[in-house]
Amino acid sequence: MGKIWRISGPLVIADDMKGSQVYEIVEIGDEGLVGEIIGLEGNKAIIQAHEDTLGLKTGEVVRGTGRILSAELGPGLVGSIYDGLQKSLLTLAENTGSFIKRGAKALALSRDKKWQFTPKVKVGDAVSEGDIIGTVPETNLIEHRIMVPVGTKGIVKEIRTGDYTVEEPIARVEHDGEVKELTLMQEWPVRKPRPYKQRLDPSGLLTTGMRILDYMFPLALGGKASIPGGFGTGKTVALQQLARWAQTHLNIYVGCGERGNEMADVLYSFRKLKEPNTGRLLQEKEIFIANTSNMPVVAREASIFVGITMAEYFRDMGYDVLLVADSTSRWAEAMREMGGRLEEMPGEEGFPSYLGSRLSSFYERAGMVECLGSPERKGSVTVAGAVSPPGADFSEPVTQNTIRIIDALYALDVSLANKRHFPAISWLTSYSLYVDAVKDWWEKVDPGWDNTRATALRILQQEAELEEIVRLVGPEALPEDDKLLLLTARMIREDFLQQSAYHEVDTYCVPAKAGLMLKTIIKFYELAQDMLSSGAGIEEVRSSPIVYRISRMKEIPNDTFEQKAKELWSEMEKGLVARKGGIS
Amino acid sequence: MNISSLYVKEGRAINKAKGALIIAESIPGIKFNEIVDVQLSSGEIKTGQAIDISEEATIIQVFGGVSEVDLIGSKVRCKGETLKLPVSIDILGRIFNGMGEPIDGAPLIIPEDYLDINGRPINPASRQPPAEFIETGISAIDGLNALVRGQKLPIFSGSGLPHNRIAAQIIRQAIVKGKEEKFALVFGAIGISYDDASFFIRNLERTGALEKTVAFINTASDPVIERISTPRLALTAAAYLAWKQDMHVLVVLTDMTNYCEALRELSSMREEIPSRRGYPGYMYTDLATMYERAGRIFGKEGSVTIMPILTMPDDDITHPIPDLTGYITEGQIVLSRTLERKGIYPPIDVFLSLSRMMKEGIGPGKTREDHNNVFMQSYAAYSEGCYLREISTIIGAEALGERDKIYLANADEFEKKFISQGEFEKRKVEDTLDIAWRLFSALPEEDLKLISEKFIKRYLPKYSRKT
Ligand SMILES: Nc1ncnc2c1ncn2[C@@H]1O[C@H](COP(=O)(O)OP(=O)(O)O)[C@@H](O)[C@H]1O
Ligand SMILES: [Mg+2]
């Protein structure tokens, strides 16, 4: 047991700490604040406090726990709301009221709740790490697969069936004469990636229901993406939409140094909204971490690692997991603050020189893997992180270091957001390197996808080039076919890319609908080109009732869209403008 | 009380011309961040704060101008306390300074409690999503950037722009109305001129709202250090009124730019590594711990709504002060010098303005069913018009096509009829929406694609002037 020797903000130095380990968790002071040893010098331990140090005194005790920062993993995670250290916020609210009291403890998993365990192995079976020995129906959407912890193997001596708490033994495994009891719960040190058999390339579309992502800049299962943007450009809404509608087994929403009211909104809406395929409540496939901006700064870093550890754990069961983190910049700022206290040599803009490597130690934990153990299975963790660049200037260190790591960039544009074009994802600067990884997937849903996609992007690119001319000579001075191109580009932007998160139908667009929508616009373009070449003017095209019909496509529900689109196509083919004989 | 004698080490603080740090011997029992009295060699007493404590030394930052000479031979007296505000319901109608002492000549209040001015974070799981519309009577706010109870919505202004008049109008029109409900206003003046402070106080007096107000006043001539405590005192009073007295509290803080400047000054005295433009790297967190005190809480009647006012240095919204604020608050109302020059009051730039909590506060049963659609369509039409205005400055408006000319004219109308209104004009939200429909009626009907067809049928015919 040591004692506090120095306090400077979240930095605490304790004396008489011989025998401690770097990364060991300690309890600081009379209130037992959580801290983590980040360095040792002689008898002194350098500690980062994960809770507010205001009012601490020198001489107060510091207790080592012998543990390192770990996450509890087991039934009860899904639907929970945690702080950055995986304390259950609902438990805290019950015990200490609406305001957070530092030092208050709340375990991640309930010790009282019984879970119904059904074994998948029998006595005499040989098992080893990662093997699924049984299941627990955790929610209606998630079957919790109980795995042999990493580092354990042997012969099953006993396996139980029935209702157990996370601490009661459900199996005994013997190896070399040593018997180990297994429970529904295990722990894992959050800074250490969980092992797998083999890493695979990201593949298959992570369907988000957002057209500009799914169709234009797809995210693959196991991929890593970043959403940088100034304030108010739509980072949070985009991540919330991902966490809501992504067609994954489980989503983890990490609110890291952001707003409390936003978190309240997320929590509230997930208790009301239904998963589109099953009609079950969204919170049955979601874990929340809420470490808001007014909560202790140092815990922001922990929150990200706690989140990714839980994601890997569900990946290891064979699930596709999505983790969204809002915002990684706040986490980087916490690192900067700690670095400053330690008087480290600052790098760019005061950030520590290890900013890049720390960011990649997070993003690199995304991926598609072949899981440990049997039965054979694949699982994936997909990561999407928001970046909040000061002054919306992407040249700053966090954005730049992140862009080097990720493979899909959704760059948010302030001028689009100001015009309320949402999602304000720039089609000119965003990119995805997963186009090839999802090509097979798309070909099955929407044959010719890569062609349609390329055509649309080309039209938008040409629009941007024409825009400069328009500014000089005005839109009327352009030749007719350029005017048509501008009209089509506008349709792609407003009637396809623009998608309100708050429209009851349009909030989630199935890929098949997205494909048909865009193909309809392109078809219109082709027909209109024919019309122009047979002597019609752009005004005639513009006044076509089809233009209006296309502008209302978004509102058509996913399930009736195909039918409605067919009708629209057959009308279009009769002629864009109601004229005798029509144009074809 | 502990009194320990000090010695001044040769150190970084002391070599400086304006060193404000003293390195004292270790003071047993002193708390981290505690506020202390420093008795200078001259006998004068200054306030300080223990910013780094250890068994070897205590580093104290002394506030206000001090010379090193004065520091030698000074003494530190610690109270074993962090700053607390005495509270009771009698704080209503009172005026305090930036240390929480009454300056209105009336006697001290008899406290029911002493509250730590830093407060404690609201448990995110205990927060109730804000969803109650506050009618300010200003179209550009109610119609396009609606304010809800529990929100933190700042005004980003520039020097010389009418932010004080707008804030006073909001206070007048939004707060004073409810006699039945329990409302309170907390006003925090931070480093503003005496005239500006008394403008607010007079306004409150005139509308009879002063008795429902608690004011904390730190004027430009008051100590800089008290700019750090003023907003915290205001928010602590607000928290008390909202969570203990079940009141709906609006907190107006002006000018938060002065707060941020004070924070920068203290940070540079501490020789901390500065972040962008000299502001400390923790400014985001520092501001967030204050603004996050806004909200609603499950099981509690009251609410805290915060409207900070700040002036953007050089009208630059990317300056760290507005930038970090915008990253924390739930939107911003931005004032525009261009509109001001056109004679438009209130000169609200609706493109840069945003209310992130609006969608929960509007709609059927709250404002009107068509509100969200009207909001989206107004933005689409106005931004189209503004884009054309930009183009037409080069090529001339005559060179535009017929459709474009309609949009161009519509943007001007929008500024004159919708954004612009009287300083004492209180528009009902229905009136605001009706103005928007009247403007829509001049546009081609098939362009109203952000409005659902059923609303077009229901509302448009009323306003069509087609003959
Ligand atoms: N997809 C969207 N659909 C509709 N509105 C959106 C969308 N994305 C963003 N918005 C609007 O923009 C505001 C700011 O978005 P938000 O995600 O909170 O920005 P950021 O996190 O980048 O600061 C939201 O409150 C909402 O009004
Ligand atoms: Mg955000």
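Okay, so let's start with polar contacts: between chain A and chain B, 38 residue pairs are in polar contact, counting pairs with both residues at pLDDT 80 or more. And yes, pLDDT, because this is a predicted model.

Which parts of chain A are doing the touching? The elements that give two or more residues to the side facing chain B are strand S1 (2–8) plus a set of helices: H1 (89–96), H4 (260–270), H6 (328–341), H11 (449–473), H12 (480–497) and H15 (545–551). H4(A) gives the most, with eight residues. If you sort that side of chain A by class, you get 29 nonpolar, 23 polar and 25 charged residues.

Now, on to the charges. How many salt bridges are there between chain A and chain B? Seven. One to pull up on your screen is Glu494(A) with Lys449(B), where the side chains meet at 2.9 Å, N to O.

Then there's the strand business. S1(A) pairs with strand S4 of chain B, residues 45–54, and the sense is antiparallel, over two bridges. If you want a spot to zoom in on, take Ile7(A): its bridge partner in S4(B) is Ile53(B).

Okay, the overall numbers. People often give the size of an interface as the accessible area lost when the parts come together. Here, the area buried between chain A and chain B is about 6700 Å², and carbon and sulfur atoms give 55% of that. In residue terms, 77 residues of chain A are in contact with 84 residues of chain B.

That's my bit, happy to take questions.

Conventions: Residues are numbered from 1 along each chain as its sequence is written. Chains are lettered from A and ligands numbered from 1 in the order in which they are written. This is a predicted model: local features need pLDDT of at least 70, side-chain atom pairs count only at pLDDT 80 or more; totals for chains, interfaces and linings use all residues. Side-chain values use heavy atoms; hydrogens and water are left out. Contact means heavy atoms within 4.5 Å. Buried area is the accessible area (1.4 Å probe) that two parts lose on being put together, summed over both. A salt bridge is a side-chain nitrogen of Lys or Arg within 4 Å of a carboxyl oxygen of Asp or Glu. A polar contact is a pair of N or O atoms within 3.5 Å; within protein, one must be able to donate a hydrogen and the other to accept it, and residues adjacent in sequence count only if both atoms are side-chain atoms. Helices (H or I, at least four residues) and strands (E, at least two) are DSSP runs, numbered from the N terminus. Ala, Val, Leu, Ile, Met, Phe, Trp, Tyr, Cys and Pro count as nonpolar, Asp, Glu, Lys and Arg as charged, and the others, Gly among them, as polar. Two strands pair if DSSP finds at least two bridges between them.
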